[in-house]
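Here are a few short exercises to try with the viewer open. Have a go at each one before you read its solution.

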Amino acid sequence: MAVIGFNFNKFDCVRGSKASGSIEVKHTIHIDEVTKAPLNVGGSSSDVLKVEFGFDVLYGSNIGKISLTGDVIYTDTKEIIEESVKSWKADKKLPSMVEAQVQKFIYSKVILKALQLSDDLNLPAPIPLPKVNFQAKN
């Protein structure tokens, strides 16, 4: 249904040796834990999913690393919440519909923060940036 909360818990950024030549940049999202949590709003209570995640950007050859951790609060029907918790406990996977929504939301938040942190550390951007080509007028 929807992500209703998002928090960063930790930033771990390191700039290593100077880069020369081409640099390989890899980034990954991983879900570390999924739990059911109560959400109390206006005197009523319902269960939501708390999804703890990590996001890592690795720069090849000890050039640098950016690691972010946080959590997302996801709400849906009671059945989908129960199914998600059961699926996570059984095989560390979320139902595909839930996982797609959660990962899309996480990616939209963490990539912006990773871009900012990479700029602060003078590391290459974690995603390809647009290239501008200027051509001389004839």
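**Exercise 1: a histidine and its partners**

The side chains of His 30 and Asp 32 are joined by a polar contact of 2.7 Å. Keep in mind that this is a predicted model. Your task: find which other side chain makes a polar contact with the side chain of His 30, and work out whether His 30 counts as buried, partly exposed or exposed.

Solution, step by step:
- Place the residue: His 30 sits in strand 2.
- List what His 30 touches, skipping residues up to four places away in sequence: Glu 52, Phe 53, Gly 54, Phe 55 and Asp 56.
- Pick out the polar partner: the side chain of Asp 56 makes a polar contact of 3.0 Å with that of His 30.
- Check the separation: His 30 and Asp 56 are 26 residues apart in sequence, with 8.5 Å from C-alpha to C-alpha.
- Classify: His 30 has 29% relative accessibility, so it counts as partly exposed.

**Exercise 2: the two faces of a helix**

Your task: say which residues of helix 1 are buried, and which exposed ones sit on the face turned away from them.

Solution, step by step:
- Start with the span: helix 1 covers residues 78-91 and reaches 20 Å from first C-alpha to last, close to the 20 Å expected.
- Collect the buried set: Ile 80, Ile 81, Ser 84, Val 85, Ser 87 and Trp 88.
- These lie on the same side of helix 1, because they cover an arc of only 165° around the axis.
- See what covers them: strand 2, strand 3, strand 4 and helix 2 are included.
- Flip to the face turned away: the exposed residues there are Lys 78, Glu 79, Lys 86, Lys 89 and Ala 90.
- Step just past helix 1: Lys 92 has a positive phi of about 55°.

Definitions and conventions. Residues numbered from 1 in each chain as written. Predicted model: local features only at pLDDT ≥ 70, side-chain atom pairs only at ≥ 80, totals over all residues. Heavy atoms only, no water. Helix = DSSP H or I, 4+ residues; strand = E, 2+ residues; numbered from the N terminus. Expected span 1.5 Å × (residues − 1). Buried < 20%, exposed > 50% of the residue type's maximum accessible area, 1.4 Å probe, protein only. Arc of directions from axis to C-beta. Contact = heavy atoms within 4.5 Å. Polar contact = N/O pair within 3.5 Å; in protein donor to acceptor, adjacent residues only side chain to side chain.
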